[in-house]
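Colleague: I would be grateful for a close look at a single part of this model. Please describe the nonpolar patch on the surface, and then follow its main contributor to the other features it touches.

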Amino acid sequence: MADLEGGGPPKARSNGYNNHNNHPNQYYVGTSESSWTSWLVPMFVVANVVVFIVTMFVNNCPKNNLGFEGKCVARFLGRLSFEPLKENPLFGPSSDTLEKMGGLQWYKVVHGNEAWRLLTCIWLHAGVIHVLANMLSLVFIGIRLEQQFGFVRVGIIYLLSGLGGSILSALFLQNNNNISVGASGALFGLLGAMLSELLTNWSIYTNKAAALFTLVIIIAINLAVGILPHVDNFAHIGGFMSGFLLGFVLLFRPQFGWMESRNLPAGARVKSKYKAYQVVLCVLALALVIVWYTVGLVMLFRGENGNEHCSWCHYLSCVPTKHWKCNNTS
């Protein structure tokens with residue numbers, strides 16, 4: 001996802017997956033469960049690309065750019081040409097266009113009765129670089145999950161994680177000029193779901209330690225990128241937290257050996273379908289999901305500022321150093 005501040009550079013929310021080679025599911029022990037054909041994730045990719053093209057068409061840089069920040073980039077594209085790099089180095093539209101198309105802006109959500117921006121913002125992107133990075137990540141993460149768990153569960157996790165990222169972002173980044181867009185919250189939700197799926201289905205993985213280590217490293221690297229300036233890590237954290245909890249609710253599998261045990265002779269002891277800890281984690285996670293979305297939305301629409309309840313939380317999105325400042329992101 002990316003944040004664009006009026007007159008300032010885009011704040012790109014990093015893509016949710018950088019290491020595509022070491023996927024933890026390579027350690028998965030296959031069962032006789034059927035595999036789904038992935039169609040929803042490719043449709044999500046197409047939808048994001050189409051929305052970006054429409055956004056650039058609406059932006060119409062040659063007509064609307066006043067030239068204060070330079071000339072439009074790639075002018076041979078006509079009205080699809082990009083804003084000057086001083087305004088948007090990601091090769092994309094202006095902040096005004098992103099706001100017009102449904103970018104997340106705290107004041108409009110809370111005081112303008114435009115709650116729909118919490119969801120529309122996850123379909124918008126700040127530029128070509130931004131949309132390509134996020135869509136590549138979505139393909140590598142989402143298709144494998146959809147093949148294993150089907151489009152309904154993956155679709156629910158994707159959308160609700162995007163919403164969770166938007167809620168946390170709006171609670172902590174309340175600058176009226178701040179416009180937040182991108183799918184990174186939803187992507188981090190899929191990463192979080194992958195982690196909880198590994199934990200709740202622990203018994204069906206062969207090399208458990210390697211699978212867990214690989215996934216934790218991937219998540220840690222991507223979250224660490226979020227402490228750089230111009231990156232909204234609150235959307236990453238909110239999406240990850242939402243997806244992590246939803247994974248316990250939606251992605252648990254029958255324990256290893258259950259399907260085979262159903263074919264045993266009559267009178268033989270058949271394994272229970274799920275382990276007790278899977279049921280406990282599912283119930284606890286469902287309760288926490290309900291609490292998280294309820295409390296988050298109530299705080300948001302009451303106009304609460306998350307920074308007033310957590311004085312140090314702004315460091316989760318940007319850590320100041322001698323090389324950069326964090327005034328724009330905190």
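Modeller: In this predicted model, helix α7, which spans residues 151–172, gives the most to the nonpolar patch, with 3 residues. The patch is made by W39, M43, F151, V152 and I156, and its area is about 460 Å². V152 has its place in helix α7. This residue counts as partly exposed because its relative accessibility is 48%, and partly exposed lies between the limits of 20% and 50%.

Helix α7 also takes part in an internal feature. Rolling a probe the size of a water molecule over the atoms shows where empty space is left. A search of the whole structure finds 2 cavities of 30 Å³ or more. The second largest cavity has a volume of about 40 Å³, and its lining consists of L104, Q105, W106, S169, A170, L173, N178 and S180. The elements that give two or more residues to this lining are α7 and β3, the latter covering 178–181. By character, the lining residues divide into 4 nonpolar, 4 polar and no charged.

Charged side chains appear elsewhere in the model, in 4 salt bridges found by a search of the whole structure. One of them joins E197 and R253, with the closest N and O atoms 3.2 Å apart. This pair links distant parts of the chain, 56 residues apart: E197 is in helix α8 (residues 184–200), whereas R253 is in the loop between α10 (233–250) and α11 (258–261). Both E197 and R253 are buried.

Note on methods. Residues are numbered from 1 along each chain as its sequence is written. This is a predicted model: local features need pLDDT of at least 70, side-chain atom pairs count only at pLDDT 80 or more; totals for chains, interfaces and linings use all residues. Side-chain values use heavy atoms; hydrogens and water are left out. Patches are made of residues with over 30% relative accessible area and no salt bridge: like charges are joined within 9 Å, nonpolar side chains (Val, Leu, Ile, Met, Phe, Trp, Tyr) within 5 Å. Accessible areas come from the Shrake-Rupley method with a 1.4 Å probe; for residues, only the protein chains shown count as cover. Helices (H or I, at least four residues) and strands (E, at least two) are DSSP runs, numbered from the N terminus. Buried means under 20% relative accessible area, exposed over 50%, partly exposed in between (1.4 Å probe, protein chains only). On a 1 Å grid over the protein atoms alone, a cavity is a set of points where a 1.4 Å probe fits but cannot get out, and a pocket is an open set with protein on both sides within 12 Å along at least five of seven lines; lining residues have an atom within 4 Å of a point. Grid points are joined across faces, edges and corners, and a volume is the space filled by probe spheres set on the points. Ala, Val, Leu, Ile, Met, Phe, Trp, Tyr, Cys and Pro count as nonpolar, Asp, Glu, Lys and Arg as charged, and the others, Gly among them, as polar.
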